[in-house]
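Student: Could you take me through one part of this model slowly? I would like to see how its pieces fit together.

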Amino acid sequence: MDSLPKRDANYVPLSPITFLQRAASVYADRTSLVYGNTIFTWRQTYERCCRLAAALQQLGVMKKDVVSVLAPNTPALYEMHFAVPMAGAVLNAINTRLDATAAAGIIKHADPKLLFVDYQYMCLATEVLKGIRDGEAAGSISPLLVVIDDLNKPEETRIGELHYEQLVERGDPEQRPPRSVDDEWDAITLNYTSGTTSSALKGVVYSHRGAYLSTVGLLLQWGVGSEPVYLWSLPMFHCNGWTLTWGVAARGGVNVCIRTPAADDMYAALSAHGVTHMCGAPVLLNILVEARREPLLHAVEVLTGGAPPPAALLERVERLGFNVTHAYGMTEATGSAMVCEWRERWNTLPTSTRARLKARQGVSALSLADAAVVNNIDTMQSVPRDGTALGEIMLRGNSIMKGYYKDTAATASAFRGGWFLTGDVGVVHPDGYVEIKDRSKDVIISGGENISSVDVEMALYQHHAVREAAVVAMPHPHWGETPCAFVALEPGFSCLGEVTEEDIILFCRDKMPHFMVPRKVVFVDKLPTNSTGKVRKIELRQRLHGCSQSAPGDSRPGSALAGKARL
C-alpha cells in the first residue's frame, strides 16, 4: 500500500472556496443573493468573485497578504469571503461596532495591504486612518482604501480613489486567474476576538482546511438541506458568519442580506423571501420575541450561540414558530465546537423540560477529533458524567485555529498537551451532553463553594418580570464573594413597587440552594453587551468595586433574612 502515492487526481487541498466554483456549475441559475432590489445568481456571484480576485492581484496583492474590510452584511462582504482567498490573500473582516481606537488597533496589528470600507462607515474610517497616520513610524505605509458603495443607491465618494464596483468591473480573470490553494494549512481568514483592546489584541488565524471541515460539519449537524434561504441576521464578521458564508454556497442556497438585524427588517425578510434559516446570539432572540406576538406562517430554523440561552427565552421564541438549535463555539474553534443535537424521544417531554435540554451546549462538532471536560489540566482527568462535577472544556481537532497572529507566546499558552484550553467551565450529563456553567473567570467562590453564575441567571429568567439577567461576584467581608444580580425588567414592570429587590431574592430562594442566592439585586434598563451580544460582565464588576452590602439578603441584625443566607 505504501506504493500508492498522492496524485492530483486523488488529493486536492481542502478549501471552502471550492464550494463557490461548484455552486456556479451545479446551481448556476439559482438565486445566490438578495439585497434590496439587487439579485444575483450563483453564476454571477462566481464571475464577480473571479473578477475581484483578478483586480486584487492587479493591485499587487500577493499570497498571504491581509485584506481588511469594514462593512455590514452586504453583497461585497459576502463576495470577499471567496474573492480574497481566491487571490491567495487572507480576509480580515472587522467588527463594525467598534470605535475608532479599537478599529485602528486592529488595522495596525493586521497591517493589511488594502482596506475596504462601506460608505456608511466612512467617517469612522477617516478617523481610524488619521489616527494611524499620525502615529506612523517613518517608512510605514497606510493601507490602500477602497470604498464600497450601496448597490441599491450608489453614493458619491467621500474619501479614497477606488470603488468596489470599479474593481469588479475591471478585473480580468483571463489575465489573472484565481490562485490555487497549494497547502490547505495556509491561512484563509484573520478574525479578532470580541472584547479585545488595542493593547491586547488577539488575531485568530483560520486555515483553509479548518474552515472547510467546520463548514461541512455544521451543515450536517444543523441538518441544512438543499436550497436553504438564509437570512444574514448574524454579522459576517463574527467567525465569518459561523462559516455559513461558505456553507450557503455549499448547499446552493439564497443569501438574504440586511444591513442591520432590526426587528422590522428581519420580519419583513422572513415574509418576503420565505427564509428557512437564520443565526444569532440570544440577544437576537429577545429582539424577535419582543417585536411579535403572533406565530409565523412557516417554521424557521434558528442556530443560536455566543452565550448560554435561558430556557425561558427558548420556550418563548419557539412558541412563535422558530425552531432553535443551540451551538457552542468561540473564535478560536472556527465557529461552532459543540452542537446540541436533538433527540427524537425528547419531543414527547413537557415544553419546559425540552427548553432546559436545548439550553445545553451539546456534543462535539464533527470537525473535532475530541472534546473533554477535565477537572485537572495537568493530569487530564475527566469529570464524571453526573451533571454536577465541574471541569474545564478542552478541544482538539482540525477546526481549531492555527494560532494567534504575531503572538507566539499567547499561542503557546492556549495549547497544552495536544489540547486547546477554552477557559470555559462545564459539566457532563449522564447522556454525554455538555453544559457550560461559567467562564473560569466568572465562577463565584463563596466560602469555599463554587457558584455558577449561569445557574443563578437561568433561575432569574424564570421570573415572569425578568427580561435580562446577569450575575457577577460581589466582595463580601466574611464569605469572600457572594452573587450580585443585575436585572432588566420586562416592559410594563417597575422596580419602584411592582417588583422589588426582596421579591427577586425570595424568588431565588425557592429555586436554588441558599448560598447561591444573590445578596444584592441591581435594576438596570439594559445590560451592557459587547459587539457580539455577550454581556460585558467586567463593566458590571466595576460598578460593584468597593460596594458595601446593604441588601435584603444580608445577614445583618433586623433583616427579614438574617442568618439564613447559607443553609
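Tutor: Here is a close look at one sheet, followed by some of its surroundings. Keep in mind that this is a predicted model.

Start with the sheet. Three strands build it, in the order β26-β27-β28. The sheet is open, and its pairing is mixed. Now look at the edges. β26 covers residues 466-476 and β28 covers 520-523. Each has a single partner strand, so one side of each has no neighbour in the sheet. Neighbouring strands here are turned by 25° against each other on average, with direction ignored.

Next, follow one pair. β27 spans residues 480-489 and pairs with β26. The two run antiparallel, with 10 bridges between them. Find Pro475 and look across: Glu481 in β27 stands opposite. As background, side chains in a regular strand alternate between the two faces of the sheet.

Now add a helix. α16, residues 501-509, lies across β26 and β28. The angle between α16 and β28 is about 130°.

Between β27 and α16 there is a loop, and Glu490 sits in it. Is Glu490 buried or exposed? Its relative accessible area is 11%, and buried means under 20%, so Glu490 counts as buried. What does Glu490 touch? Leaving out residues up to four places away in sequence, the list is Arg316, His464, Ala465, Val466 and Arg467. With Arg316 there is a polar contact, side chain to side chain, at 2.9 Å.

Cys484 is buried too, at 0% relative accessibility. Are there disulfides to look for, and how many? A disulfide is a covalent bond between the sulfur atoms of two cysteines. A search of the whole structure finds zero. Take Cys279, which is in no disulfide. The nearest cysteine sulfur belongs to Cys239, 11 Å away. Cys279 is buried, with a relative accessible area of 0%.

Finally, turn to another pair of strands. β22 takes in residues 419-428, and five bridges join it to β23. These two strands run antiparallel. Asp424 stands opposite Arg439 in β23. The two strands form a hairpin, with five residues between them. In that hairpin, Gly432 takes a positive phi near 90°. Why is β23 described as largely enclosed by the rest of the structure? The strand has six residues, 434-439, and five of the six are buried, so the description fits.

Key
Residues are numbered from 1 along each chain as its sequence is written. This is a predicted model: local features need pLDDT of at least 70, side-chain atom pairs count only at pLDDT 80 or more; totals for chains, interfaces and linings use all residues. Side-chain values use heavy atoms; hydrogens and water are left out. Two strands pair if DSSP finds at least two bridges between them. Helices (H or I, at least four residues) and strands (E, at least two) are DSSP runs, numbered from the N terminus. Axes are lines fitted to C-alpha atoms, for helices over the stretch in contact, and angles run from 0 to 180 degrees between N-to-C directions. Contact means heavy atoms within 4.5 Å. Buried means under 20% relative accessible area, exposed over 50%, partly exposed in between (1.4 Å probe, protein chains only). A polar contact is a pair of N or O atoms within 3.5 Å; within protein, one must be able to donate a hydrogen and the other to accept it, and residues adjacent in sequence count only if both atoms are side-chain atoms. A disulfide is a pair of cysteine sulfur atoms within 2.5 Å.
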